[in-house]
There are 2 protein chains.
Amino acid sequence: MQNFVFQNETKIIFGRDEEQVVGQEAKKYGKKLLLHYGGGSIKKNGLYQRVVESLQAQGIEIFELSGVKPNPRVSLVREGVTLCKENNIGFILAVGGGSVIDSAKAIAAGVNYEGDVWDFFDGKNSVNDCLPLGVILTIPAAGSESSGGSVITNEDGSYKRAVGHETMRPRFAILNPVLSYTLPSYQTACGITDMMSHILERYFTREKNVELTDRLCEATLKTIINNAHTVLDDPTNYDARAEIMWAGTIAHNDSLNTGRIGDWGSHDIEHEISGIYDIAHGAGLAIIFPAWMKYVYKHDVNRFVQFANRVWDVEIDLNDLEKTALQGIQKTEQFFRLIGMPVKLNEVDIGEEHFEEMARKGTERGPIGNFIKLAEKDVFEIYQLAK
Amino acid sequence: MQNFVFQNETKIIFGRDEEQVVGQEAKKYGKKLLLHYGGGSIKKNGLYQRVVESLQAQGIEIFELSGVKPNPRVSLVREGVTLCKENNIGFILAVGGGSVIDSAKAIAAGVNYEGDVWDFFDGKNSVNDCLPLGVILTIPAAGSESSGGSVITNEDGSYKRAVGHETMRPRFAILNPVLSYTLPSYQTACGITDMMSHILERYFTREKNVELTDRLCEATLKTIINNAHTVLDDPTNYDARAEIMWAGTIAHNDSLNTGRIGDWGSHDIEHEISGIYDIAHGAGLAIIFPAWMKYVYKHDVNRFVQFANRVWDVEIDLNDLEKTALQGIQKTEQFFRLIGMPVKLNEVDIGEEHFEEMARKGTERGPIGNFIKLAEKDVFEIYQLAK
């Protein structure tokens with residue numbers, strides 16, 4: 001086990017109707033707030049109205065910036081930064097899923113910075129002084145509600161880049177499973193894939209002697225798998241929605257990461273796809289993760305055997321560990337398919353035409369991943385396995 | 001799943017040699033510090049010297065209060081409160097195990113309070129304004145290093161009482177597994193029992209639909225069980241000590257408690273024993289928990305079957321679920337015995353003479369426990385089962 005520092009200060013407020021406390025929580029951070037959200041769905045389902053009422057009841061002045069799209073764009077982030085600077089706004093409330101939260105975090109990072117906010121994402125500068133932000137989560141998926149990370153796409157060149165900083169962690173996150181009832185099946189399944197991928201990225205480490213975090217990862221994966229079919233078959237099942245929503249946060253709150261180095265190669269490989277093609281991040285991961293697994297498993301067969309056995313209940317064949325490992329990978333791919341995800345690039349009409357470009361861009365800052373280091377040619381091979 | 005709020009702000013600094021950063025962490029909270037510890041063991045093993053050097057290097061003025069004993073006493077807490085008030089001390093550093101940390105928390109709670117600190121423990125007043133405190137952990141057991149709770153004994157009447165408050169949570173906790181190498185086997189085993197009990201108290205809930213936390217509890221229990229024999233047979237095995245130490249924190253940092261109501265009856269029942277007899281808390285729990293299980297399991301046999309199956313790998317006998325449940329209880333008792341714990345009161349020379357008194361005192365503020373509510377006669381019966 002490696003030395004580590006773990007701290008996650010996000011206050012989780014979980015359960016039915018909890019969005020009603022947003023005004024009380026937000027007022028701790030000032031009287032002027034940017035309400036940041038996506039399309040109009042929160043207006044249709046009444047959430048917008050409830051949030052505004054709760055904020056107004058505390059005398060909070062609301063500025064609004066909507067229009068966040070999946071794979072959130074730096075152009076909207078820049079608008080948000082300007083809006084906050086011009087109006088001296090001191091707090092950002094993100095109402096939505098990972099895209100809205102990531103966009104809010106990027107705005108928060110940019111407000112007290114003189115330069116362009118993209119500087120943080122292409123490594124020209126580091127986040128330093130970030131506005132506080134809060135979250136009302138509507139899509140369990142990205143885990144951004146209690147992480148310190150943000151992923152933003154720059155339309156100018158189709159770059160999708162991640163930044164992480166402790167001060168970007170939301171001060172509070174309100175998680176009401178009922179808010180996820182109306183998610184379409186496909187989006188629910190994308191979220192499930194995304195949160196599973198966050199655990200898998202951490203699970204596939206080369207670090208030995210990380211039994212507790214291995215088992216915590218497996219526990220969270222099993223819970224997600226067990227509840228996935230329920231939420232897809234019965235979208236208003238509170239308990240299953242609650243398990244999935246809380247699991248999505250646990251998956252990415254860094255507790256499953258302690259003492260180990262995660263991989264994150266699949267995320268980088270996927271970002272190149274959704275940076276160009278604008279497919280859902282979860283769908284991209286359902287395609288890339290099994291391909292990545294097939295490409296790397298021989299570097300630590302035993303870890304893949306443990307995964308097959310403990311997560312997928314595959315019996316260990318001691319005479320053929322590789323077979324057991326491959327069965328675990330197969331089960332993963334089958335599961336993604338069962339919940340309605342694509343598992344090959346051709347299923348989402350992506351051909352080979354950008355493989356070289358994506359492999360080059362994905363590795364232009366050096367090899368990616370940690371389970372094994374992937375160079376440009378490795379990434380290209382993984383795209384081939386996923387086609 | 002019940003609605004919940006979860007927040008744990010303690011910064012965990014984990015790994016070899018990490019006590020060296022204590023000065024840098026402590027100086028964030030002022031220039032005058034109370035160094036609180038137990039006997040002389042930290043002087044013998046050099047930890048004291050390293051801590052003092054790290055603090056002095058940051059120009060921190062150190063006041064000392066040593067002499068904390070197991071089942072820490074309110075009399076020493078009162079001394080600490082006076083010392084802090086007289087010297088305008090703004091931060092408390094606990095170096096030790098749960099007793100030292102609990103004592104430090106009680107001091108921290110008492111400094112900015114006009115009345116007697118025991119008021120918090122007998123319910124006369126609530127903790128409000130608490131000094132910040134930090135921890136260097138030497139005994140993995142109580143989980144107090146990242147909890148908001150403190151248990152103190154009042155020698156005047158042999159009362160042992162718990163208080164919890166969010167502001168009592170340590171600001172940082174330094175966990176170096178090497179510091180636990182020199183623990184005697186018995187104390188190591190007591191710690192293992194204590195941390196397992198913290199999980200069991202949470203596990204045995206009547207709340208349905210708490211799959212994620214059930215599985216996280218089971219994952220942590222299995223890790224402790226798997227590493228217990230290693231740390232007892234090979235006390236300087238870093239990786240096993242690390243698993244145990246981190247598991248002890250996870251067991252009690254409230255993450256395993258979300259969405260459910262824990263029981264805590266066994267802790268209350270045990271507190272009456274160690275309040276009078278001064279046996280180690282862990283040893284008392286090894287005796288009481290199996291007795292409690294035998295007394296209550298029929299109220300939710302299925303939960304005990306799940307426990308037997310998932311934690312102890314007992315095959316489920318679908319024709320005799322009660323048998324499976326009882327096998328899980330038996331395995332728990334056997335495990336405690338195997339690691340050197342007493343599992344009956346007579347093994348620690350405790351007879352029946354105080355059973356009535358303990359049952360009365362333990363329930364004088366009302367029935368205890370939540371899995372089922374235990375009245376005075378129930379607690380008496382549990383003492384009988386444990387004799």
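According to UniProt (unreviewed entry), the feature "domain: Alcohol dehydrogenase iron-type/glycerol dehydrogenase GldA" occupies residues 10–177 of chain A. In the predicted model, this span is 30% helix and 26% strand, and the C-alpha atoms at its ends are 18 Å apart.

Enclosed space was examined next. Rolling a probe the size of a water molecule over the atoms shows where empty space is left. Two cavities of 30 Å³ or more were counted.

The largest cavity has a volume of about 290 Å³. Its lining consists of 24 residues, and those nearest the centre are Asn253(A), Ser255(A), Phe6(B), Asn253(B) and Ser255(B). Both chains contribute elements to this lining: at least two residues each come from β1 (4–14) and α9 (238–250) of chain A, and likewise from β1 (4–14) and α9 (238–250) of chain B. By class, the lining of the largest cavity comprises 12 nonpolar and 12 polar residues, with no charged residue.

The second largest cavity has a volume of about 50 Å³. The residues lining this cavity belong to chain A and include Ile139(A), Pro140(A), Ser180(A), Leu183(A), Gln187(A) and Thr188(A). Gly191(A), Val231(A), Arg241(A), Ile244(A) and Met245(A) make up the rest of the lining. Helices α7 (185–203) and α9 of chain A each provide at least two of the lining residues. Six residues of this lining are nonpolar, four are polar and one is charged; the charged residue is Arg241(A). Helix α9 of chain A thus appears in the lining of the largest cavity and also in that of the second largest.

Conventions. Residues are numbered from 1 along each chain as its sequence is written. Chains are lettered from A and ligands numbered from 1 in the order in which they are written. This is a predicted model: local features need pLDDT of at least 70, side-chain atom pairs count only at pLDDT 80 or more; totals for chains, interfaces and linings use all residues. Side-chain values use heavy atoms; hydrogens and water are left out. UniProt positions are given in the numbering used here, feature names are shortened, and annotations may be inferred rather than shown by experiment. Helices (H or I, at least four residues) and strands (E, at least two) are DSSP runs, numbered from the N terminus. On a 1 Å grid over the protein atoms alone, a cavity is a set of points where a 1.4 Å probe fits but cannot get out, and a pocket is an open set with protein on both sides within 12 Å along at least five of seven lines; lining residues have an atom within 4 Å of a point. Grid points are joined across faces, edges and corners, and a volume is the space filled by probe spheres set on the points.
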